[in-house]
Amino acid sequence: MKVLSMRRAQALALAAVLAALGMAGKASAQTVAVLAAESVDPPAGEATEAVVSGLMDRLFDSGLIATSERTRQVERADWRLEPRSLGDAREGSVDYLACVYVAYAPSALRPGLPRPLGLELRLYRVADGGLAAEASLPPFAGLDETEEGLSRLLRALGGEAAEALMNALRQGRPGGSGGV
């Protein structure tokens, strides 16, 4: 009997929340799919995943819905938006694609640990496939060449990339209204 009462209370609470959302109007948020790529040589291991994690955390903290796919290894000259990615994003009702490219070099101090050289970001509107913005973040100074230091740095770099992305979204809005 108590289980039934608890389930009924949960169902009523859920119904109340849904009704409140309905009265407040359509609940929606902008969505961003993050497509990360990294240089082929040297192998970066999980390094780029730290960038993506920092980027997605900052987007989420700013009220955006973010998704990501597995990081690809590509030559810089081959880094481009693939039409298939736009089609997949449209099917998933995504508003923007954030394409991120991180270039690495071998570490002089720690063999086997990649040293990030910089990050490039392109933001595409999914609706028309148009380029909304581009940004580059320069090489990094004062790199702590330990695995923990590299991870912290790359997460912070992802956060900086998210800030650049959100600034581009704010500037690209007609009339500058609305917030991201």
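The following paragraphs describe how nonpolar and aromatic residues are packed in this structure. The model is predicted, so that local features need pLDDT of at least 70 and side-chain atom pairs count only at pLDDT 80 or more, while totals for chains, interfaces and linings use all residues. Residues are numbered from 1 along each chain as its sequence is written, and side-chain values use heavy atoms, with hydrogens and water left out.

The largest nonpolar core (buried Ala, Val, Leu, Ile, Met, Phe, Trp, Tyr and Cys residues joined through side-chain atoms within 4.5 Å) has 32 residues, and among these L59 and L119 touch the most other members. At least two residues of this core come from each of strand 1 (31-38), helix 2 (47-61), strand 4 (96-106), strand 5 (114-125), strand 6 (131-137) and helix 4 (147-172), and helix 4 gives the most, with nine residues. Helices (H or I, at least four residues) and strands (E, at least two) are DSSP runs, numbered from the N terminus.

Apart from this core lies another, of 14 residues, which includes L35, L86, V94 and Y101.

Y101 also belongs to the one aromatic pair found in the whole structure, in which W79 and Y101 are tilted, 5.5 Å centre to centre with 40° between the planes. Rings of Phe, Tyr and Trp (its six-membered ring) pair if their centres lie within 6.5 Å, and planes under 30 degrees apart count as stacked, over 60 as edge-to-face and the rest as tilted. W79 counts as buried because its relative accessibility is 4%, and Y101 is buried with a relative accessible area of 4%, where buried means under 20% relative accessible area, exposed over 50% and partly exposed in between (1.4 Å probe, protein chains only).
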